[in-house]
Amino acid sequence: MGDGRQVHLINLLKKLWSQHWKRIPEHLKAISNSTFATNVFTFIEEQPIKFFNINYMSRHFQLTEYQFREIFKKTFNTNFRAFKQTILDHYETVLLFEKKLTPGQIYPMLNYRNLSAFSRSFRLRHGTSWQNVMRLQMDIS
């Protein structure tokens with residue numbers, strides 16, 4: 001492959017990665033710049049969502065669940081569950097409103113068992129259904 005094509009391919013891959021929906025938002029990355037935080041962010045962005053849990057992550061980092069929770073809380077100043085919910089909320093927003101995917105397409109991507117589970121979770125966090133939020137978004141547009 002020629003140098004020009006290789007540079008073009010590298011730039012294209014960087015652009016695609018920057019637009020990938022699993023990117024951690026910069027305001028969350030600013031919370032901590034420790035090695036542990038960087039490794040956690042890389043794990044979240046690169047591993048399937050189904051592995052974004054205490055059990056799998058503690059094994060991946062070769063820590064007990066207790067140790068992982070303690071280090072996580074010290075590093076991020078919040079517990080793992082709250083942080084995970086913040087990330088999933090961000091992913092929902094990106095997929096629903098930026099990528100314009102339907103909830104039927106989104107729920108398996110975010111590892112919900114079914115559309116009903118996604119809908120219940122959305123309603124609990126937002127106080128309204130995703131259908132109402134989508135209607136409001138269309139009215140604003």
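**Exercise 1. Find the volume of the largest pocket and describe its lining.**

Solution. The model is predicted; local features need pLDDT of at least 70 and side-chain atom pairs count only at pLDDT 80 or more, while totals for chains, interfaces and linings use all residues. Residues are numbered from 1 along each chain as its sequence is written, and side-chain values use heavy atoms, with hydrogens and water left out.

Step 1. A pocket is an open set of points, on a 1 Å grid over the protein atoms alone, where a 1.4 Å probe fits, with protein on both sides within 12 Å along at least five of seven lines. The volume is the space filled by probe spheres set on the points, which are joined across faces, edges and corners. For the largest pocket this volume is about 520 Å³.

Step 2. Lining residues have an atom within 4 Å of a point. The largest pocket has 18 of them, and K84, Q85, L88, Y112 and S121 lie nearest its centre.

Step 3. Helices are DSSP runs (H or I, at least four residues), numbered from the N terminus. Both α6 (80-98) and α8 (115-126) supply at least two residues each to the lining.

Step 4. Sort the lining by class: Ala, Val, Leu, Ile, Met, Phe, Trp, Tyr, Cys and Pro are nonpolar, Asp, Glu, Lys and Arg are charged, and the others, Gly among them, are polar. The result is eight nonpolar, four polar and six charged residues.

**Exercise 2. Describe how α6 packs against α8.**

Solution. Step 1. Two packed helices are described by the angle between their axes and the distance between the axes. Axes are lines fitted to C-alpha atoms, for helices over the stretch in contact, and angles run from 0 to 180 degrees between N-to-C directions.

Step 2. The axes of α6 and α8 are 12 Å apart, at an angle of about 110°. The two helices are therefore roughly perpendicular (65 to 115 degrees; under 35 is roughly parallel, over 145 roughly antiparallel, the rest oblique).

Step 3. List the residues in contact (heavy atoms within 4.5 Å). Helix α6 contributes Q85, D89, E92 and L96, and α8 contributes F118, F122, R125 and H126. By class, three are nonpolar, two polar and three charged.

**Exercise 3. Is F118 of α8 buried or exposed, and which residues does F118 touch?**

Solution. Step 1. Buried means under 20% relative accessible area, exposed over 50%, and partly exposed in between (1.4 Å probe, protein chains only). F118 has 0% relative accessibility, so F118 is buried.

Step 2. Leaving out residues up to four places away in sequence, F118 touches E92, P103, I106, Y107, L110, Y112 and W130. One of these, I106, is twelve residues from F118 in sequence, with 8.6 Å between the C-alpha atoms.

**Exercise 4. Describe the contact of α3 with α5.**

Solution. Step 1. The axes of α3 (residues 35-46) and α5 (residues 65-76) come within 10 Å and cross at roughly 105°. These helices are therefore roughly perpendicular to each other.

Step 2. From α3, F36, A37, V40 and F41 meet F68, I71, F72, T75 and F76 of α5. Eight of the contact residues are nonpolar, one is polar and none is charged.

Step 3. T35 also lies in α3; its relative accessibility is 59%, so T35 counts as exposed.

**Exercise 5. Summarise the whole chain.**

Solution. Step 1. The chain has nine helices and zero strands.

Step 2. Of its 141 residues, 30% count as buried.

Step 3. The C-alpha trace spans about 50 × 45 × 25 Å along its principal axes.
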